[in-house]
Structures are given as C-alpha cells and as structure tokens.
Number of protein chains: 4
Amino acid sequence: MRIGFIGLGGMGSGMAANLLKAGHEVRVWNRSREAVERLLAQGAVPLDEPHQAFAADVTISMLADDVATRAVLLDSGALAAAQPGAIHLSMATLSAAFVGELVEHHRQAGVDYIAAPVFGRTDMAAAGKLNIVVAGPPAAIAKVQPLLDAMGQKTWPLGEEPVRANVVKIAGNFMLASAIEAMGEASALVQGYGVEAGDMLEILTNTLFAAPAYKGYGAMIAERRFEPAAFKLTLGLKDVGLALSAGQARNVPLPFASVLRDNLLEAVAQGEGDLDWAALGGRAMKRAGQA
Amino acid sequence: MRIGFIGLGGMGSGMAANLLKAGHEVRVWNRSREAVERLLAQGAVPLDEPHQAFAADVTISMLADDVATRAVLLDSGALAAAQPGAIHLSMATLSAAFVGELVEHHRQAGVDYIAAPVFGRTDMAAAGKLNIVVAGPPAAIAKVQPLLDAMGQKTWPLGEEPVRANVVKIAGNFMLASAIEAMGEASALVQGYGVEAGDMLEILTNTLFAAPAYKGYGAMIAERRFEPAAFKLTLGLKDVGLALSAGQARNVPLPFASVLRDNLLEAVAQGEGDLDWAALGGRAMKRAGQA
Amino acid sequence: MRIGFIGLGGMGSGMAANLLKAGHEVRVWNRSREAVERLLAQGAVPLDEPHQAFAADVTISMLADDVATRAVLLDSGALAAAQPGAIHLSMATLSAAFVGELVEHHRQAGVDYIAAPVFGRTDMAAAGKLNIVVAGPPAAIAKVQPLLDAMGQKTWPLGEEPVRANVVKIAGNFMLASAIEAMGEASALVQGYGVEAGDMLEILTNTLFAAPAYKGYGAMIAERRFEPAAFKLTLGLKDVGLALSAGQARNVPLPFASVLRDNLLEAVAQGEGDLDWAALGGRAMKRAGQA
Amino acid sequence: MRIGFIGLGGMGSGMAANLLKAGHEVRVWNRSREAVERLLAQGAVPLDEPHQAFAADVTISMLADDVATRAVLLDSGALAAAQPGAIHLSMATLSAAFVGELVEHHRQAGVDYIAAPVFGRTDMAAAGKLNIVVAGPPAAIAKVQPLLDAMGQKTWPLGEEPVRANVVKIAGNFMLASAIEAMGEASALVQGYGVEAGDMLEILTNTLFAAPAYKGYGAMIAERRFEPAAFKLTLGLKDVGLALSAGQARNVPLPFASVLRDNLLEAVAQGEGDLDWAALGGRAMKRAGQA
C-alpha cells in the first residue's frame, strides 16, 4: 500500500520501519530532518511538506499531542489537501475533545478517520509488538488491518466511534499512573518499618501483581532509577490531564486522577519534570522524609 | 510435628487440612464447633480451650483481626499457658501496632513469635497455594518451614522483625484496593464515552495488567458481580485502615489510601458493606450517575 | 465620563445603574435586548454592536466567562475598533491564561487593560457595595477610580500586572468553595451523632467563623435550601477549574481544589448542576447516606 | 461551690483562676507541681492525688487527651472514689469513642457526666472568654452553669447526650484546619503569579472571611510565623484524627479531613510537628517549590 507517514519520533520511527519491512511504500514527513534520514536506508521516501503525506492510500500520523497534531494537520492545511475517500489512521494519544474536533474536520473533508492509539514504548514499537486499540469506519479499518498487523502484536477493536479508542488509551495510562503511585505509597509504608521497597515489590510483582506494568515500574521505583526517561513525568502529567478533562466532559469524578495530578505537579515544581514518570513513585517516599 | 491450631475460618480450615495431609498431628480450636467437626474426619484432634493449643511444638493462629486475636490469645490467658521455648506462628492480618504489643508479650513469656501472614483467598488456602510472607527468629522459622511448605506455594522471608511481614501484607492489600479503585474509575471514564467497562478491561488485563489481581477483580467490576462476597467490603475498609494507621505511626502520608477509605466508607453508608470489596470499583460508576 | 458598558447580566445591570446614578454617560450593549430596555429609564443609551462600546473614555466589560468575552471582544472585532489610548476596564471572572492573551491583544491595539474582578453577588452589585480587586497601569486606574468608587464599597489595588487581580478573585472563590465543603463535611459528621447541622453551624458561625461567607452559606446548608440559585453549582465548578488551571500553569498543586472539583462533578452527575453551589455542602451528607 | 479541678495546663490554669475569682473554693491537682504552685497565691488548695478532686460538689477535668484522661481518671481509680450523685464536668477535647466509654463508667459510678469542651486558646481561657459547648443531664448542667459563666463568654447547649458536645468541638477544629489549608493553597496559587500571600489575605480576611479564625491564622501564614506554637501541629494532627475516627464510626466520609491528615503527616515527617499548626498553611507553598 502507498502510505504517507507523519511524525517520526521514538514511536513513529519504529512503526514506519515495520511498515517498510512489510513491503509497503512509505513516504515520510517529520519536523526535524534527522529522523527522516535514518529511515531512507530502509527504503522510505522523504517528503518536504506534511500535505504531501495525504497523497496516499492511507495517511498515518503519530505526533506528540493535540498541539502538534493541530499545527501539522489542521493549521498547515495538510488535511485540506487530502483526496475525498482517503483514510487517515491517527495513532497519537489525543484528547477526547480534540478527537471530536478532528472527526468533524475529516467528515467535512470526506476523509475516513480511524483512531488507533497504541500501548507500548519505543522498544515495542521497534519490535512491531504494540497493542493497538482501534475505532472508526469498519471498511476503512479492514483496509488498514495489514498495516496494524505490521506495527502491532494485536489489534483491539472498539467500534465505529473514534473517540472510544482514545478514551481507552487514556484510561490505560491513568491506570499505569495509579499503579506507580500505589507502588510508591506502599514502598514508603514498608520502608517506615525497615523493609526495603525492593523486597516488598519483589514479592508482590511476582504474585498478585505479576504484570508487565508492575514489574517494569516496580524495579525502577525499588532502585530509584528515574533516568534516562523512557516517558517523561511531564508527559505523564499531560496524560493524567487528558483523563481529567475527558472525565469532566462526561461528569465523571476521578479522585485517584486528582491525587495523581497533584503529586505530578508537585514533582514538576520540585524539578523532576524531566525524569521518567516512575519518579511519581518516589514522591511518596520523599513526602515521608525518606531519603 | 505436634501442632496446636487456633482459628478455623475459611482460611484456617484449609491450612489445617493441608497440615494434616502432610502428616502432622494437628489439634484444633475454634470458637464455633462446626468448623472443628468438619476437620475431625481428616484426623484433627479437637480442643476445648485455646490455651491447650499452646501445649505443642508449634502453635498456629489464624484469627480474624486484632480484636479476636487479643481476646483468644491474651485476654483468655492462652499465651500465658505456653511453655518457654514454644513457637507461635501467627498468620492473621494484624495491625502493626498490635504486632508490636504481641511481640512484647511473647518475649515476656519466652515464646518465639513468627509473623507469617498470607496472600491468597480460601481456594488458595485449600489448595496449599498461599504465598506466605514471614519474619521472626531464624531458628524458629527454619523449624516451621515444613509447615509453611505444606500450606503455601512459596515462603517469602523478610528478616527477623515480625512486624515487617505484617506491613508487607498490609501494603499488598492496599495495592489491591488501589487496583480495584483504579479499574473502577477507568471504567466510569470509558463508559462516559459509550465503551463497555468489560471491553476496556479485557484489553488492559490481557496486556499491561495481565496479573491475577487485575483479571479477577476486573471481571467482577465489568459484570458488577459483587455477590457472593469472597472478601467483604467491610474487611477491605478494615485493611485500608491498617495501612493508614501503620503509616501514621511512621509519619507516612498515603493519599491513595485516604481516597480508598473515604470511598469504602461511602459504600458502607450506602449499604454495600457486605458485598465483595470489588464493589469499591462500582462506586466510581455510581458517583458518575451511571447505572 | 463617557462609558461603554458591555454585559448587562445580574451583576452588570446593577453596576451600570450605579454609574448612571453617579452622573456618568453610560452607553450599553448586551446580547439580549431586555436587560438593555430596563436600563433606558435610568438614562442609559443603547448600542447595537459591541464595538460601539469602545468609542468611549472607558469601556467596561462584565461578561460571563472566557468564552463570552472572547466572542464579544475579540472574535467580533470590537477591540480592534478601539481608539489607541482608550481604557478597557475588564471586570469579569476570567482565567489566568485568557487574561494573558487579552493583555497581549490590548498591547497590540494600544489600549490600556485594567483587570478589576469583583467580590459580591447581585444584591451587592445593585447596592454599589462590591469589593473590587484591581491591577493594571497606574495612570489608567487613577482615571477610572471614580467609576470603581461608584460600583464598589472598596477598591483593593494589586499592582500593575492585570492577571494578579484575576488570580486573587479566583483564589477567593476557591476559598468560598472550601468553606462550603468544610461546613458540609462538618454537618455530616455531627449529624452522625444526632446533632442538627443548624445547631452546630449556629455556634461556629457566631464565634470562630463569624464571617459573611460562613453565615450565608451555613444557613443554606443547615436548611438544605439550594434553590433558587444565586450562583449555580455549574459556575462553581467552572471557577474551581479556573483555580486548578491557574495552579497547573505555575506548578502549584491544590489538593483541596481537586476534592472540590470531584465533588462538584459528582453533584452535576447527580442532577444538581442548576442548584446553588451551596449544594456542594449537601453532598457530604448524601455520601454518608443521610437524608 | 466546692470544686475539684484536674489538669492545670495552659487552658486549665486560666479556667481555674477564673473560678477562684468568682469566689469558688477550688482544690486543684496537676501531674507536675509548678502549675499548682502558681495558683496557690490566688487561693487554690493543692491536692496530692486525683481521686481527692472527686470529694467535691463538682469535679472539673481538663486534660490533654484520651490517654491522659484515661490514666488520671480511670486507671488511677479516681472516678471510682467519687460519691454517687457527684457531677463531673469534663472539658477536654476527647474522642467520640472514648466519651462513650466514659459515659458508661460514670453511669456505673452513679456520677453525672457533662461534656463541655471549649473553643478558644489560652488567652481566651485566661480572660474567661471561652465559648463552651455543653451536653449532659439538664439538672446537672443547671447546677454548674455559674461555673461555665465564670470560665466562658457563652455556653452553647447541645442536649443531653454528652458525645454531641464533643463532636461539635471536633467539627469546629476540623473546620479550622480546613480554613488553614484553604488559605495556604490560595496563598501558593497567587504567589505563583507574583502576588504576596499577605496582600491576598488582607483583602479576603477583611471582606468575605472577616472572621477571627481567618484573621489570626491568615496573618501567621502571610508572615510564615509558625513559632512559638500556640497550638502544636501534632495536636492538630490528633484533632483531625478525632474527626476521621468519629466519622468512621458513623460511616461519614470526610475527604477534606483526609487531605488534612496527609498534609499534617507530611509536615511532621518534614520536622514541623512542633510548629504552630498554622504551618499546615505553609506546606502548600513548599509543595509548589516556593520559598
């Protein structure tokens, strides 16, 4: 298939590479040129402007957030350049409100909009092992399924309304943040009694909580290893904000998300914004006066 | 080994049965007689008074809480009847403060006190598959290891100070409650956008949160299936209280535990105290006005 | 002075009337015509378009929120019609972020921007008894001081940077909401022991808390009298949101504001959005299962 | 009247002195002797043992907390020495649960128990200006009314059930703590925008919040003046704990109290336990990284 790919960050680069490996023609655009260069050897075709990515069977976007997506797709006029009948596979983590706006813009442009945010970090993206939650027009999804298969280990369908995929992504990140905070508080608690956080987390992440999320973040919290950041704390704050605003729009109180927001803000105020968001787990220990 | 076993509730009955299967002589006491009767066929010897359970190589207690343990072991004079050099393997979920008190009583009585609370519900107890966290005098632990092996799938050592095992147990239950609340809030969030909680939880509990705790409670929340109660919500409130009081004694703020306590109290006030504590997850949906 | 006045809601009508009483020439614009009609008998001059209000010595705006202010002042082109050297006295409760944006627009237009939000409800506005917090260019403030004196009982200066007046207004409303919540929780607590909320509040609002805010809201909570709404709960939710977003922009965690937001959202979800925001105080009793 | 007075701390000394001034015979007991010596010149009669204070028409106790009250009145056997028909005027801030226990002990001893906790600090106690909330047997209250009049500026009756007076006292202290936290958060918010906390609090405590509680604590927060402590932060933590436990016993969630507890614990963990509890207001600024 002929694919236009917009956004070659840590995630997008791996995803585009897997599409190339699967034999697709992939034309790429990125704000900075270096990421583009790295993909040329693998067969990517460079684009000068984002609107060129819409001259394709399927356009994939994987930008940082609402702001970047608005700038590149809407304000630049890129979407307006799309052919009616085109498909836009939007894989970034976007707010529920902005997805509503995007859906309307696409409807007017006659472009099918598929929301397909992903679970997994850059290593999973590079390995084609992402979990992809997808919602949009069924025929369009059927058409892009080979692309989703090339990028992910599994696709999880959520119906026709695109925003549904986004809120599941947002809910998942909220649950991750909650798990980090819970491990942090539990660590502060047992350390108050002389138990190493690592000893407690070793037990729990091999029994009740024997899940990837707990094992990975648990080890970081136990070792206070918050650098280098695979996912910055400021991005975590942004994502918890997505949960809160999505909840507010539907009158859904989220008391855990409120606590997370306050603790993440405190971390940023204390200079920890560039650490991995696992550092949220370290705040509980600092509040308790533990080293 | 000759064992005195005090407390044949859902957990204790299964544990005592496994000790009998392993060939030990088990003499049992329980407040109500029925539980005793059920074990006789498996070879248990009934006792009339709790103090008789201390005429043994090892006395095991598995009572409901601080209050029951205080009544049966201290107020009744049972511990005072123990032989110096005896071992008490205390497996209940007790408060950090009360364990401190118990340790002192045992020191005065010349009895080794081992704290060995367990992770696992009644089915795990019956199957001998408990995870046991243990702390106490090393020689005493070595002596009871065959008993722990008969009752559990694994023993997790936490050093010599008994209270350490208890706070790890308390921390684990706090993390469970946090997981339930997080799933409940995430469910309310996605339902605000027309996504079934079950569809969201199916995805997350098979990927990032593919852990026993999430799968089990996630299914209950998705189906709003809170009866029959395997672990009552009022017990969950008690356990979150153990975390808060243990934290307070060491100046450890636990903001998630505070939210949990408030939400559990609200559930009790709304008549849900006898439901399974997974009903905590349902509160988030009710607060949002969802059916 | 020749005044253009935009926004004749419950507050603006009273304020404009007091300017007329003080002998000023007041030309008024409002989205709906009825409010304009009511002021004509008092000598107001009706305007057809908001931009006409900027053909004046001082333009006063008192619109509902960011959205209304943006629509009427910016999107309509009204501000662009202002003469360089004009003064805009902006008295609405606006977000810190939007005020920053407005300041920049006014700088470009060569118009002095004074922020002067007010404390007081419609009866205080009608009586000219508002408390006005003001920040902006000193010379401009000196020029409008007679107008502030006509509308308020006292002006509280906060320096040259307009946003400072807005955040003090936002902080004050946050403190009001906190007082309502605190009275609600205290009421639920004592009612759990058979004490009427009114009996408790009678004591406290005549001693430690003998302040207007406590007496007024205390009486409403004691009597569960939340209709008619002098200030709707949904507006309270908006204002608490202003505190949270202003805090987030400066990395200031506000845990009380987070609780307020969750409880106000819950109230809206339960159908109480159109009640007076004193109904926030009633939520605590409902959560406790009290009638 | 012949009065036995137990507990001559900062509060009790002033109260006993006012009883002496009013012409009563006051026999006093205190754990440390110095406080007793100071009252002798004013005509007090020293007692060697607390039980002697029960050989009186009315016994007044004003001890630090549950623990001190239990030790001096119950464990020492003092109450057991009381004559049937005696009156005990219990003025300390005690927990709801312990008051229930005390009422039962007094019933068995045939002694009338009146709960009469007070609002006001040591200066108010010395000046006879306390506000006293009272509940107990009407005839007994009528008899001690002259004593209440000598110690307080006003007595607020709350019926026959003693615990009612205690929960109103507990609710009042919870509302004070909430006011301190709200002022602290509001201060952190405006300081994020360059407004001095003192400038904001000057406005609000002279308008909406023109109440003694806000003026006094507001000034301390504005000046970060938390020493010397008129009421230690650790005592504030204890009192918030009284609210939480009283609420828990009646299934009343108190989310503000939960936040207060966490923030007070954090303050203690950070070494601020001996500061005045107004320091709670300073935590919000510290969390935001403000000096």
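Colleague: How many residues does each of chain D and chain C put into their contact?

Modeller: In this predicted model, the contact takes 62 residues from chain D and 62 residues from chain C.

Colleague: And what area is buried between the two, and what share of it comes from carbon and sulfur atoms?

Modeller: About 5300 Å² is buried between chain D and chain C, and carbon and sulfur atoms give 80% of that area. On the chain D side, the residues that lose the most area to chain C are Met175(D), Tyr193(D) and Phe256(D), which together account for 17% of what that side buries.

Colleague: How many salt bridges and polar contacts are there across it?

Modeller: The rule finds zero salt bridges across the interface of chain D and chain C, whereas the count of residue pairs in polar contact, with both residues at pLDDT 80 or more, is 13.

Colleague: Which elements of chain D supply the side that touches chain C?

Modeller: Strand E8 (130-134) of chain D supplies at least two residues, and so do helices H7 (162-191), H8 (197-204), H9 (212-222), H10 (233-249) and H11 (255-269) of that chain. H7(D) gives the most to this side, with 20 residues. By residue class, the side of chain D that touches chain C divides into 44 nonpolar, 11 polar and seven charged residues.

Colleague: Switching to chain A, at what angle do H11 and H12 pack?

Modeller: Helix H11 (residues 255-269) of chain A packs against helix H12 (residues 280-287) of chain A at an angle of about 80 degrees, and their axes are 10 Å apart. Because angles of 65 to 115 degrees count as roughly perpendicular, that is the description that applies to H11(A) and H12(A).

Colleague: Which residues make that contact?

Modeller: From H11(A) the contact is made by Leu260(A), Asn263(A), Leu264(A), Glu266(A) and Ala267(A), and from H12(A) by Leu280(A), Arg283(A) and Arg287(A). These residues of the contact of H11(A) with H12(A) divide into four nonpolar, one polar and three charged.

Colleague: On to the backbone: is the peptide bond from Glu227(A) to Pro228(A) cis or trans?

Modeller: The bond from Glu227(A) to Pro228(A) is cis, with omega near -5 degrees, and Pro228(A) is placed in the loop between helix H9 (212-222) and helix H10 (233-249) of chain A. In chain B, a cis peptide bond joins Glu227(B) and Pro228(B), with omega about -5 degrees, and Pro228(B) sits in the loop between H9 and H10 of chain B.

Colleague: What about phi of Asn251(A), positive or negative?

Modeller: Phi of Asn251(A) is near 55 degrees, a positive value in a residue other than glycine, and Asn251(A) lies in the loop between H10 and H11 of chain A.

Technical notes. Residues are numbered from 1 along each chain as its sequence is written. Chains are lettered from A and ligands numbered from 1 in the order in which they are written. This is a predicted model: local features need pLDDT of at least 70, side-chain atom pairs count only at pLDDT 80 or more; totals for chains, interfaces and linings use all residues. Side-chain values use heavy atoms; hydrogens and water are left out. Contact means heavy atoms within 4.5 Å. Buried area is the accessible area (1.4 Å probe) that two parts lose on being put together, summed over both. A salt bridge is a side-chain nitrogen of Lys or Arg within 4 Å of a carboxyl oxygen of Asp or Glu. A polar contact is a pair of N or O atoms within 3.5 Å; within protein, one must be able to donate a hydrogen and the other to accept it, and residues adjacent in sequence count only if both atoms are side-chain atoms. Helices (H or I, at least four residues) and strands (E, at least two) are DSSP runs, numbered from the N terminus. Ala, Val, Leu, Ile, Met, Phe, Trp, Tyr, Cys and Pro count as nonpolar, Asp, Glu, Lys and Arg as charged, and the others, Gly among them, as polar. Axes are lines fitted to C-alpha atoms, for helices over the stretch in contact, and angles run from 0 to 180 degrees between N-to-C directions. Angles under 35 degrees count as roughly parallel, over 145 as roughly antiparallel, 65 to 115 as roughly perpendicular and the rest as oblique.
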